[in-house]
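User: I would like to go through the labels used for this structure and see what each one rests on. Please set the values against the cut-offs.

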Amino acid sequence: KIKEINSVGSGDALVAGFAICLAKQQPLYTTVRLGVALGTANAMQWEIGKFSIKDLIAVYKNTKVYIIDHSNYNRQVLHEEHTPLDTLIPKIKYSSP
């Protein structure tokens with residue numbers, strides 16, 4: 001859970017995350033994860049489109065993506081693998097897990 005301060009521009013940030021991953025031909029679960037992380041980090045700050053890299057990294061690391069089992073739609077499987085954030089956005093400097 002986060003403390004939402006201003007959600008204006010969060011949809012745009014989400015779409016930006018999608019665009020980054022589509023341009024880099026990343027799988028859907030990575031695309032969703034980055035988009036959600038960018039949109040969420042944006043909502044955590046008052047200024048539109050400006051957010052803390054620290055917040056982005058924390059949200060990205062804590063965003064979970066579940067894959068729906070098509071043979072049983074009630075069953076969801078947590079997708080454990082994730083692409084390091086600095087691979088998707090090279091100018092971000094942090095230590096990958």
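User: What makes the largest nonpolar core a core, and which residues have the most contacts inside it?

Analyst: In this predicted model, the largest nonpolar core has 14 residues, and Leu34, Leu56, Tyr60, Leu85 and Leu88 are those with the most contacts inside it. The term applies because such a set consists of buried residues of the listed nonpolar types, joined through side-chain atoms within 4.5 Å.

User: Which helices supply at least two residues of this core?

Analyst: Helix 1, helix 2, helix 3 and helix 4 each do.

User: Why is threonine 31 called buried?

Analyst: Its relative accessible area is 5%, and buried means under 20%, so threonine 31 qualifies. Threonine 31 lies in helix 2 and, apart from neighbours within four places in sequence, is in contact with Phe18, Cys21 and Gln26.

User: Why is threonine 30 called buried?

Analyst: Threonine 30 has a relative accessible area of 2%; the cut-off is under 20%, so the label holds here too. Threonine 30 is also placed in helix 2. Not counting residues up to four places away in sequence, threonine 30 touches Cys21, Tyr60, Thr83 and Leu88.

User: Which residues of helix 3 are buried, and what do they pack against?

Analyst: Asp55, Leu56, Ile57, Val59 and Tyr60 are buried in helix 3, residues 53-62. The buried residues of this helix pack against helix 2 (28-43) and helix 4 (85-88).

User: What makes serine 52 a cap of helix 3?

Analyst: A side-chain oxygen of serine 52 lies 3.1 Å from the backbone nitrogen of lysine 54, at the N-terminal end of helix 3. A polar contact needs N or O atoms within 3.5 Å, so the pair meets the distance limit.

User: How do you know that arginine 33 lies over the face of tyrosine 60?

Analyst: Arginine 33 is placed over that face at 4.4 Å from the ring centre. The distance limit is within 6 Å, so 4.4 Å satisfies it.

User: How many aromatic pairs does a search of the whole structure find?

Analyst: Zero.

User: Which elements have the highest and the lowest mean pLDDT?

Analyst: Helix 1 (residues 10-23) has the highest, 95, and strand 2 (residues 76-79) the lowest, 79. For the protein, the mean pLDDT is 86, with 94% of residues at 70 or more.

How values were computed: Residues are numbered from 1 along each chain as its sequence is written. This is a predicted model: local features need pLDDT of at least 70, side-chain atom pairs count only at pLDDT 80 or more; totals for chains, interfaces and linings use all residues. Side-chain values use heavy atoms; hydrogens and water are left out. pLDDT is the predictor's confidence in each residue, from 0 to 100. Helices (H or I, at least four residues) and strands (E, at least two) are DSSP runs, numbered from the N terminus. Buried means under 20% relative accessible area, exposed over 50%, partly exposed in between (1.4 Å probe, protein chains only). Contact means heavy atoms within 4.5 Å. A polar contact is a pair of N or O atoms within 3.5 Å; within protein, one must be able to donate a hydrogen and the other to accept it, and residues adjacent in sequence count only if both atoms are side-chain atoms. Rings of Phe, Tyr and Trp (its six-membered ring) pair if their centres lie within 6.5 Å; planes under 30 degrees apart count as stacked, over 60 as edge-to-face and the rest as tilted. A charge sits over a ring if NZ of Lys or CZ of Arg is within 6 Å of the ring centre and within 35 degrees of the ring normal.
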